Amino acid sequence: MPAFAAADGTELAYQVHGAGTPLICVPGGPMQDPAYLGDLGGLAAHRQLIVLNLRGTGQSAVPADPGSYRCDRQVADVSALRDHLHLGSFDLLGHSAGANIALQYAVRQPQRVGKLALITPSARAAGLEPDTETRRQIVKLRHGEPWFAGAAAAFDRIAGGAGSDADWEALAPFFYGRWDAAAQAHSAAGETQANEAAARGFAADGAFDPAADREAIAAFGAPVLVLAGSVDLQWPPQVLARFAAMFPAARFIVQPGAGHYPWLDDAGSFVSAVTEFLDGDSS
């Protein structure tokens with residue numbers, strides 16, 4: 001697997017899927033092995049996906065300084081990857097928590113980013129967070145599912161501050177548009193892919209400066225895609241609509257029936273939406 005040295009000397013790996021115009025992809029988790037992204041539902045047939053293995057995840061080395069797991073400090077890793085690839089400007093995609101890294105890079109290096117695609121993104125960098133009632137509205141949308149009763153009860157216990165590990169496991173179906181065999185396998189694999197110590201460091205004190213980032217977002221003129229899943233419990237579309245409205249040139253799309261991993265729920269719709277944004281006229 002190809003690799004490069006970060007500014008602090010940590011060896012970071014990346015995967016390349018497909019060919020054509022590069023699209024650097026930053027995975028979420030936070031701090032999860034990017035294997036969970038796959039080829040983003042076939043997006044690699046349209047773009048060359050360059051998938052960064054965040055430090056301490058996948059095939060990347062564990063850094064000497066655990067403090068470098070902090071979200072804002074990982075922005076430099078995107079810069080180092082760009083330098084390694086000898087790219088001028090490039091298109092950038094971030095999923096979930098990885099969208100915070102992608103966003104912070106984009107607003108600090110706007111001349112380097114052609115288009116920015118944020119997929120079911122965390123908007124913590126901008127100071128947004130779903131509240132319990134917003135998430136409860138998403139829960140109610142799934143009332144006809146065979147797993148609903150147990151998962152909804154688990155949600156209530158978690159929302160009340162009394163959730164157990166078993167409750168978090170029971171909540172898993174809410175993050176997928178369909179709780180079928182593929183989703184169950186994806187969820188089970190995800191339990192083994194996260195670096196939990198790195199995840200704790202990701203949002204350490206100083207990781208986010210919402211006021212500064214909102215000001216930078218308001219000045220960011222490049223085209224932005226914010227893609228939400230209509231039944232995504234983690235980052236509901238009601239919240240992401242507010243996030244998209246912060247950008248001067250954002251396209252907000254809600255993928256029907258999709259959860260937190262929209263390329264799994266309907267690969268065709270997902271790939272169509274992303275490629276239309278990336279390859280279409282941005283005027």
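Here are a few friendly questions and answers about helix packing, a buried aspartate and a salt bridge in this predicted model.

Residues are numbered from 1 along each chain as its sequence is written. In this predicted model local features need pLDDT of at least 70, side-chain atom pairs count only at pLDDT 80 or more, and totals for chains, interfaces and linings use all residues, while side-chain values use heavy atoms and leave out hydrogens and water.

User: At roughly what angle do the axes of helix α3 and helix α9 cross?

Analyst: Helices here are DSSP runs (H or I, at least four residues), numbered from the N terminus. Axes are lines fitted to C-alpha atoms over the stretch in contact, with angles from 0 to 180 degrees between N-to-C directions. The axes of α3 (residues 132-140) and α9 (residues 237-244) come within 9 Å, and they cross at roughly 125°.

User: Is Asp167 buried or exposed?

Analyst: Asp167 sits in helix α5 (residues 165-170). Buried means under 20% relative accessible area, exposed over 50%, and partly exposed in between (1.4 Å probe, protein chains only). With a relative accessible area of 5%, Asp167 is buried.

User: Which residue forms a salt bridge with Arg108?

Analyst: A salt bridge puts a side-chain nitrogen of Lys or Arg within 4 Å of a carboxyl oxygen of Asp or Glu. For Arg108 the closest N and O atoms of the pair are 3.2 Å apart, and the partner is Asp213. The pair links distant parts of the chain, 105 residues apart, from Arg108 in helix α2 (residues 98-108) to helix α8 (residues 210-218), home of Asp213.

Definitions and conventions:
Helix = DSSP H or I, 4+ residues; strand = E, 2+ residues; numbered from the N terminus.
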